[in-house]
Amino acid sequence: MKKTDIFDVIIIGAGVVGSCIARFLSRYKLNIALVEKEAEVGFGTSKANSGVIHAGFHDRPGTLKANLCVTGNSMFDKLCEELNVPFKRCGALVVALENKELKILEKLKAQGEKNKVPGLKIIRDDDLFQIEPNLTRRVKAALYSPTVGVVSPYELTMALAENAKQNGVRILLDTEVKDVTFQDNGAKVVKTQKGVLFAKYLVNAAGLFADEIARMTGDNGFTIVPRKGEEYILDKKRKELVKHVIFPIPQRQTKGVLIIPTVDGNIMIGPTSQVIDDKFDLNTTGKGLQMILEKVRKIVPAINDRDIIASFAGLRASSEGGDFIIQPSAKIRGFINIAGIDSPGLTAAPAIAMMVAEILKGEGLKLVQKDSYQPSYRWIKFRELSPEQKEELIKKDKRYGNVVCRCENVTEGEIVDAIKRGARTLDGIKFRTRAGMGRCQGGFCTPRIMRIMMNELNIPLEKITKRGRKSNILWGKTK
Ligand SMILES: Cc1cc2nc3c(=O)[nH]c(=O)nc-3n(C[C@H](O)[C@H](O)[C@H](O)COP(=O)(O)OP(=O)(O)OC[C@H]3O[C@@H](n4cnc5c(N)ncnc54)[C@H](O)[C@@H]3O)c2cc1C
């Protein structure tokens, strides 16, 4: 970082929202920096969510959530095609278990139609059990929504940031913004533990910490309330349990506990919804698991806790008012707050990026298209190749013939590719390749991946971390 680093736009926070904005703005002739406190992009809430691309029937008409969810949803096919990220429009069912809940299904349908959600219909009896045979026969009816999809949220965030980088965005990792001040000429001074950056325009996309960044500028206008969600992943052998995302009847503040056929082929159950004080509490709990199991078994009785292979928790960055906050600061021209981006923030992210570009334009930023913009981003996905293509690739580079992660079938060649794309931690490799995400949860492949990292990154084994900071796998010195 040099003292002369002056950017047109600095974006604080490389979650899915900040990365989407960086990528969207990278089509223009602008000097942009994406600043992230963690070791890799997407290591905040964007790595720990349900991965559902919502349709938009849950949100109150007229809210930013409703508008940006519906628009964001419609952008996902093209976005994921361009970025080589798996996305599946599997559809969803909201199920009513009691007759008195049928009215709520009608209300959700009407709300969705007001929000311009396409294809909603109520289905019952044979039609329902034919498409989802494992549902309990207690289900009275369901709201069917064909535009709901599933995506890998971390693959998406990483591909967005990497494509933005390919288009000229500077990504500054392990760089925590400590203070923001302003000069008389309007320049924003961003102080980090690594040095000072200057920007004409500043975008606050710091997720859970967006209120703290705003406070650095004297803006106390909003507070972020962390809301924890625990999720549990089942072994791929249970992948046939459901084909659609299954929602219960929603509660006041939450869409409820879902059964999700993830895009990677696991079933996931969750999340819980618990308001907490601690922005760092990512523990899963026995109580959370019991609550989830109780709820999902009422809908799909065949779900079994013995099939759980992994668990995690994520924190929703909720605003007190409940809606997204996306607006220029009333105090400082050229400073945009993006806050309260809880669910459906993953879905809305591409639409938020477009909205932020319009706000920046309104604040005076010139948006001039550049000819060199490259929206398409590709890397080798070995498991998607035909047998002939695999053979051809192994002939050229035998590392693609060496399977490192046996559960998920990930080769040494793919791990090396992930490092070349920017992975610096075990989780960075896991989220880019799925190595370590299978039944054994890295028991077999972790030492092998560490050795590849040691050779490729030219670092000793004890410097390798799970997710940056002090998450080293080994302590002491290795020979
Ligand atoms: C359990 C759960 C389930 C969810 N399910 C869904 C779903 O199915 N569908 C959906 O649409 N949405 C879902 N969401 C919501 C979705 O995950 C979020 O809306 C989205 O990830 C928010 O992205 P973000 O970029 O705003 O935040 P983040 O991903 O948290 O990014 C903010 C970044 O800012 C960085 N940062 C913070 N402070 C600083 C600083 N001082 N300096 C530098 N960097 C900083 C952080 O490290 C972080 O990487 C879910 C959320 C949870 C918790």
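Start by selecting β3, β8 and β4: they make an open sheet of 3 strands, in the order β3-β8-β4 and with antiparallel pairing. Residues 52-53 are β3 and residues 87-88 are β4; these two stand at the edges with a single partner strand each, so each has one side without a neighbour in the sheet. Bear in mind as you click around that this is a predicted model.

Stay on β3 for a moment and add residues 149-151, which are β8. The two strands pair in the antiparallel sense over 2 bridges. Want one of the partners to put on screen? Show Ile53 together with Gly149, its bridge partner in β8.

Now zoom out and colour by secondary structure. The protein comes to 12 helices and 22 strands. Its C-alpha trace spans about 65 × 55 × 45 Å along the principal axes. The radius of gyration is 23 Å, and that agrees with the value near 23 Å that a compact globule of 479 residues would have. Of those 479 residues, 47% are buried. Contacts reach a long way along the chain, too: taking those between residues at least 6 apart in sequence, 72% join residues at least 24 apart.

Next stop, the inside. In soluble globular proteins, nonpolar side chains tend to be buried together. Here the largest nonpolar core has 117 residues, and the ones to select are Ile10, Leu34, Val203, Ile338 and Ile352, which have the most contacts inside it. Helix α8 gives the largest share of this core, with 9 residues.

Which residues does Ile352 touch, leaving aside those up to four places away in sequence? Select Val17, Cys20, Leu68, Ile326 and Ile338, and you have them. There is also a second, separate core, of 15 residues; Val410, Leu426, Ile429 and Cys445 are among them.

On to the ligand. Show the 42 residues around it, then pick out Gly13, Gly15, Gly44, Gly229 and Gly345, the ones that come nearest. The elements that give two or more residues to this shell are α1 (16-25), β13 (224-234), β18 (308-319) and α8. Colour the shell by residue class and you should get 19 nonpolar, 16 polar and 7 charged residues.

A few backbone oddities make a good last leg. Go to the loop between β20 (335-339) and α8 (345-362), where you'll find Pro344. The peptide bond leading into it from Ser343 is cis, with omega near 10 degrees. For another cis bond, select Gly270 and Pro271: omega there is near 0 degrees. Pro271 sits in the loop between β16 (267-270) and β17 (274-275).

Then jump to Asp174, in the loop between β9 (170-172) and β10 (177-182). It isn't a glycine, yet its phi is positive, at about 55 degrees. Is Asp174 buried or partly exposed? It counts as partly exposed, because it has 15 C-beta neighbours inside 10 Å.

Finish at Asn458, in the segment after α12 (446-457). This residue also has a positive phi of about 55 degrees without being a glycine. Draw a 10 Å sphere around its C-beta: Asn458 has 7 C-beta neighbours inside that distance, so it counts as exposed.

Terms used: Residues are numbered from 1 along each chain as its sequence is written. This is a predicted model: local features need pLDDT of at least 70, side-chain atom pairs count only at pLDDT 80 or more; totals for chains, interfaces and linings use all residues. Helices (H or I, at least four residues) and strands (E, at least two) are DSSP runs, numbered from the N terminus. A residue is buried if 20 or more other C-beta atoms lie within 10 Å of its own, exposed if 12 or fewer, and partly exposed in between; C-beta atoms are placed from the backbone. The radius of gyration is taken over C-alpha atoms; the globule rule is 2.2 Å times the number of residues to the power 0.38. Two residues are in contact if their C-beta atoms, placed from the backbone, lie within 7 Å. Two strands pair if DSSP finds at least two bridges between them. A nonpolar core is a set of buried Ala, Val, Leu, Ile, Met, Phe, Trp, Tyr and Cys residues joined through C-beta atoms within 7 Å. A residue is near a molecule or strand if its C-beta atom, placed from the backbone, lies within 6 Å of it. Ala, Val, Leu, Ile, Met, Phe, Trp, Tyr, Cys and Pro count as nonpolar, Asp, Glu, Lys and Arg as charged, and the others, Gly among them, as polar.
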